[in-house]
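Welcome! Here is a protein chain to look at together, with some questions on how its labels are earned.

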Amino acid sequence: MLTYTAAVTDIRRVADRRDFRRFIDYAYERNAADPHWVPPLRLAEHERLTPAKNPFFEHADVDLLLASRGDRIVGRIAAIDDRLHNDTHRDNVAMFGFFEAEDEDASHALLASVEAWARARGRSAVRGPMNPSLNESAGLLVDGFDADPVLMMPHNPREYAAHIESAGYSKIKDLFAWTYDLRSGPPAAIVKLAARLRDKHGVTVRQLNLKEFTREVERLRAIYSAAWERNWGFVPPTAAEFRRLAAELKPIFDPRGALVAEVGGDVVACLVAVPDINQALKGTSGRLLGLALPRLLLRKRYITQLRLLLLGVDARYRAFGLYPLLIHEWGQRLRGSQYTTAEFSWVLEDNRDINQPAEMAGARRYKTYRIYEKAVA
């Protein structure tokens, strides 16, 4: 087994169940003192990093690495070679993800290990963080540390950006998060535009039908893939990947938060938001043992925030202006519910099709996540 060493920090591959548990646990240990960090469910983290349970591994090779000093773990990172990404974009990059480190020395040792791993595989650059891809969780928080993260969004110590940049990495893309007050209602211009779209193009909007969940999920995947196909870094999720994410989210799903737009009976756009279960997970340490599960279920009634995680329009219908229509209809259907705010996340910094309608609707950009890259050839 290869060992990479930098200063007094040793890097080793996760080789057994004990190392795997330590890899998972380190994130909880490292962030325990941060009042805004929300522990994800440990079971979900285990499944996300287990090849037999995550279809992502069908098209990607992943090595999990631990940093240690003596018997003490001081960091972790995943080295990721996503063949589907490189084939889709004719690219030659490896990724890093699931990054946590005690200090700059540990950060540099971990990143250097991924770089060596990438070079050994013939890759010319390393990009990240990807956890493990843009279709799940990505980016390093660089602005907006004073608010809790919503479901499936990262939160990390402020110093990580400096550690990564001092290792030679530069920004390649920023991702934005917007916060939206659902109680305020959309501006009059949005309401007028929505009415005109319905009348002129015969657009109908309906809620997702949970009784046809499997079929609806496939419709969403088709729209998601068509809407995002030209976006930076996007790799259409395989059917198995999309089904896994949908199955993970189904237990917390609220049909009021998900809409599809149809023209002539064909689905041409979608908006999917899910309750921010992080509001219920805070303080659980990510474990659902004993009375933790019933307490978590009881807390669901106190969830007041949604995460809008999917907003897409088929390229053939983008000129219709369906984004404002969807946001307006969504707000109308949620009026009077327990939900008071929503986060739109994440959005590419140069995606005017989403950023402009979000701002028009009254949303406020309040967090920035950064993806870095470094040439290693």
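The questions below concern a predicted model.

Q: How do you know that the size of the protein chain agrees with that of a compact globule?
A: Start from the chain length. With 377 residues, a compact globule would have a radius of gyration near 21 Å, and the protein chain has 21 Å, so the two agree. Along the principal axes, the C-alpha atoms fill a box of roughly 65 × 50 × 35 Å.

Q: What share of the residues in the protein chain counts as buried?
A: Of the 377 residues, 56% count as buried. On the outside, the chain exposes about 16,500 Å², and carbon and sulfur atoms supply 50% of that area.

Q: Which secondary structure elements does the protein chain have, and how many?
A: There are 12 helices and 14 strands. Among contacts with a separation of 6 or more, 76% are between residues 24 or more positions apart.

Q: How do you know that the span of helix α7 agrees with its number of residues?
A: Use the rise of 1.5 Å a residue. The 16 residues of α7, residues 213-228, should span 22 Å, and the end C-alpha atoms are 22 Å apart, so the value agrees.

Q: What do the buried residues of α7 pack against?
A: Phe-213, Val-217, Leu-220 and Trp-228 are among the buried residues of this helix. The partners of its buried residues are the strands β9, β10, β11, β12 and β13, together with helix α8. In α8, the buried residues include Phe-242, Leu-245 and Leu-249, and their cover includes α2, α7, β11 and β12.

Q: Why is Arg-42 called buried?
A: Buried means under 20% relative accessible area. Arg-42 has 12% relative accessibility, so Arg-42 counts as buried. This residue lies in helix α2 and touches Asp-25, Tyr-28, Ser-285, Gly-286 and Arg-287, leaving aside residues up to four places away in sequence.

Q: Why is His-328 called buried?
A: The relative accessible area of His-328 is 6%, which is under 20%, so the label fits. His-328 is part of helix α11. Not counting residues up to four places away in sequence, it touches Pro-186, Ile-190, Val-191, Ala-194 and Arg-198.

Q: Leu-182 is in a loop, so what makes it buried or exposed?
A: Its relative accessible area is 6%, under the 20% limit, and therefore Leu-182 is buried. The loop in question runs between β8 and α6. Beyond four places in sequence, the contacts of Leu-182 include Leu-306, Trp-330 and Tyr-339. Its C-alpha atom is 9.6 Å from that of Gly-362, although the two residues are 180 residues apart along the chain.

Q: Why is Met-152 called partly exposed?
A: Partly exposed lies between the 20% and 50% limits. Met-152 has 22% relative accessibility, so it counts as partly exposed. Met-152 also has a positive phi of about 65 degrees although it is not a glycine.

Q: Which label does Phe-98 earn, buried or exposed?
A: With a relative accessible area of 5%, under 20%, Phe-98 is buried. Phe-98 sits in strand β5, and its phi is near 50 degrees, a positive value in a residue other than glycine.

Q: Where are cis peptide bonds found, and what is omega there?
A: The bond from Asn-131 to Pro-132 is cis, with omega near 0 degrees. Another cis bond joins Ser-345 and Trp-346, where omega is about -10 degrees. Pro-132 is in the loop between β6 and β7, whereas Trp-346 is in strand β13.

Methods
Residues are numbered from 1 along each chain as its sequence is written. This is a predicted model: local features need pLDDT of at least 70, side-chain atom pairs count only at pLDDT 80 or more; totals for chains, interfaces and linings use all residues. Side-chain values use heavy atoms; hydrogens and water are left out. Helices (H or I, at least four residues) and strands (E, at least two) are DSSP runs, numbered from the N terminus. The expected span of a helix is 1.5 Å times one less than its number of residues. Buried means under 20% relative accessible area, exposed over 50%, partly exposed in between (1.4 Å probe, protein chains only). Contact means heavy atoms within 4.5 Å. The radius of gyration is taken over C-alpha atoms; the globule rule is 2.2 Å times the number of residues to the power 0.38. Accessible areas come from the Shrake-Rupley method with a 1.4 Å probe; for residues, only the protein chains shown count as cover.
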